[in-house]
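Visitor: I should like to go through this structure step by step. May we begin with the model itself?

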Amino acid sequence: MHAELLIHAEWILTVDPENRQLTDHTIAIADGRIRAILPYEEARRTIRAEQTVELPGHVLIPGLINAHTHAAMTLLRGLADDLPLMTWLHEHIWPTEGRWVDAGFVADGTRLAVLEMLRGGVTCYNDMYFHPEVSAQVTDEAGMRAVIGMIVVDFPTGYAASPDEYIAKGLALHERYRDHPLIRVAWAPHAPYSVSDAPLQRVATLAFELGVPVHIHLHETRDEVENAVNAHGERPFARLDRLGLIGPSLASVHMTQLEDAEIVRLAETGASVVHCPESNLKLASGFCPVAKLLEAGVNVALGTDGAASNNDLNLLGEMRTAALLGKGVSGSASAVPATEALRMATINGARALGLDSEIGSIELGKSADLVALDLRDPHTQPLYHPVSQLVYAAGRHQVRQVWVRGRQVIRDGVPTTLHLAEVLSEAQIWGARIGG
Ligand SMILES: CSC[C@H]1O[C@@H](n2cnc3c(O)ncnc32)[C@H](O)[C@@H]1O
Ligand SMILES: [Zn+2]
């Protein structure tokens with residue numbers, strides 16, 4: 001057999017349906033796909049390859065999937081900390097976005113985000129932000145994978161004047177990226193409190209017709225739910241259900257307020273929840289009942305949210321927080337174990353984005369979106385269980401090699417498709433402008 005690339009790793013966490021953990025195995029890659037997974041010695045004997053990468057002391061995992069972010073908000077990192085959601089949004093973030101966000105802001109902010117995420121082992125992200133055509137282009141140029149949000153809000157912004165215009169621009173984006181190998185699109189109405197019934201209904205219809213996911217903030221805080229009930233006598237979840245949005249294409253972000261019947265409904269319709277534990281903690285938004293959701297069979301993925309409410313785009317950190325918080329909230333130390341946190345950051349994210357036949361696990365035929373971490377650091381030794389070190393102890397500096405669709409985008413910790421100094425310089429210029 002012939003392969004373009006062979007990766008020999010000391011440990012492989014496949015995240016396949018059996019959660020197989022392999023030792024001293026090799027992955028063979030051709031045309032950007034995983035063609036063979038076999039013991040190291042057998043691979044040496046039977047496969048000829050153009051390139052071989054030896055990874056002693058490393059664990060190889062599927063690329064991490066950030067299932068909810070606002071990438072360009074890296075440029076607002078640390079601008080307004082220690083505030084609750086609505087004060088943060090109405091008094092700080094929205095006025096700043098109104099003044100500064102344009103195509104150039106989105107290009108530079110997204111590039112910073114892509115660089116941060118790739119260096120942290122994130123190979124795919126699900127975005128919701130203005131000027132999505134710019135985020136898509138920057139991400140494609142960097143060789144990263146993304147699902148780019150076709151955003152919809154009721155109010156006018158520098159990007160679009162009305163719900164009809166947001167939707168028209170979304171449709172153009174969908175057309176532009178039809179059949180693209182790395183860039184997909186999803187409808188991204190911002191939240192039930194910022195999008196009215198008519199555009200939400202249109203999104204539901206178009207999502208069905210185009211076969212794309214719907215990505216929305218939902219039940220982020222108790223106030224969101226109480227305000228809706230006081231104003232309209234209906235919980236936002238019930239309203240979305242009435243409008244036809246609760247179903248297998250839905251990625252509902254946050255979900256800190258959930259009644260038992262809503263959990264049953266999520267499970268029976270196959271809708272996904274995207275848990276953003278660090279953003280929820282920082283904005284004191286509430287606690288998503290992750291253990292209950294998993295027990296009910298709901299697909300739970302992981303997201304960072306934007307860098308202005310986290311303040312990083314670190315999925316390794318998010319896995320650890322999700323595992324720890326899941327125990328604290330449920331009162332059970334065995335809730336959200338390390339293997340489950342890894343599934344949430346990989347295959348569950350892929351499923352939430354409708355990409356689980358393509359990415360999210362190390363299986364034959366899937367895209368070679370792979371991440372290698374060097375575990376030979378004092379704080380990840382000794383090593384009993386690689387998944388334990390990965391989730392509870394490893395840091396982003398241990399991400400050494402990253403491939404997206406078989407292309408190496410991080411080599412020995414250094415980006416191959418982006419220029420670190422240039423990206424940092426642009427970020428600093430924006431910081432001086434906005435802060436000055
Ligand atoms: C329509 S583009 C996305 C919009 O969402 C804002 N945003 C960022 N984080 C959150 C959050 O946690 N809840 C609600 N809205 C959020 C962002 O600033 C953009 O305006
Ligand atoms: Zn968000």
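The exchange below concerns a predicted model and takes up its ligand shell, its annotated positions and its nonpolar core.

Visitor: Which helix gives the most residues to the shell around ligand 1?
Guide: The shell around ligand 1 holds 18 residues, and those that come nearest are Ile93, Ile151, His190, His217 and Gly306. Among the helices, the one that gives the most to this shell supplies four residues. It spans residues 85-100 and is helix 2.

Visitor: How many residues of the shell around ligand 1 are nonpolar, by class?
Guide: The shell around ligand 1 includes three charged residues and six polar ones. The nonpolar residues in this shell number nine.

Visitor: Why do the positions that UniProt lists for "binding site" gather at one spot?
Guide: The unreviewed UniProt entry lists His68, His70, His217 and Asp305 under "binding site". These positions span 238 residues in sequence. They nevertheless gather at one spot, because no two of their C-alpha atoms are more than 11.7 Å apart.

Visitor: Is histidine 68 buried or exposed?
Guide: Histidine 68 is placed in strand 5, residues 64-69. Beyond its neighbours within four places in sequence, histidine 68 has contacts with Asn126, Val253, Val274, Cys276, Gly303 and Asp305. A residue counts as buried at 20 or more C-beta neighbours within 10 Å. Histidine 68 has 29 such neighbours inside 10 Å, so it is buried.

Visitor: Where does histidine 217 lie, and is it buried or exposed?
Guide: Histidine 217 lies in strand 9, residues 214-218. Residues up to four places away in sequence aside, it touches His190, Ala191, Val253 and His254. Because histidine 217 has 25 C-beta neighbours inside 10 Å, it counts as buried.

Visitor: Which domains does the largest nonpolar core lie between?
Guide: The largest nonpolar core has 136 residues, and Val114 and Met319 have the most contacts inside it. Residues of this core come from both domains, so the core lies between domain 1 (2-61 + 370-404) and domain 2 (64-352).

Visitor: Which residues is valine 114 in contact with, leaving aside its neighbours within four places in sequence?
Guide: Valine 114 is one of the residues with the most contacts inside the largest nonpolar core. With its neighbours within four places in sequence left aside, its contacts are Ala71, Val138, Thr139, Ala142, Met144 and Leu418.

Visitor: How far apart do the end C-alpha atoms of residues 59-409 lie?
Guide: The unreviewed UniProt entry annotates residues 59-409 as "domain: Amidohydrolase-related". This span is 42% helix and 18% strand. The distance between its end C-alpha atoms is 18 Å.

Key. Residues numbered from 1 in each chain as written. Chains lettered and ligands numbered in written order. Predicted model: local features only at pLDDT ≥ 70, side-chain atom pairs only at ≥ 80, totals over all residues. Near = placed C-beta within 6 Å. Helix = DSSP H or I, 4+ residues; strand = E, 2+ residues; numbered from the N terminus. Nonpolar A, V, L, I, M, F, W, Y, C, P; charged D, E, K, R; others polar. Core = buried A, V, L, I, M, F, W, Y, C linked by C-beta atoms within 7 Å. Buried ≥ 20, exposed ≤ 12 C-beta atoms within 10 Å, placed from the backbone. Domains from an automatic or database assignment. Contact = placed C-beta atoms within 7 Å. UniProt positions renumbered as here; feature names shortened; annotations may be inferred.
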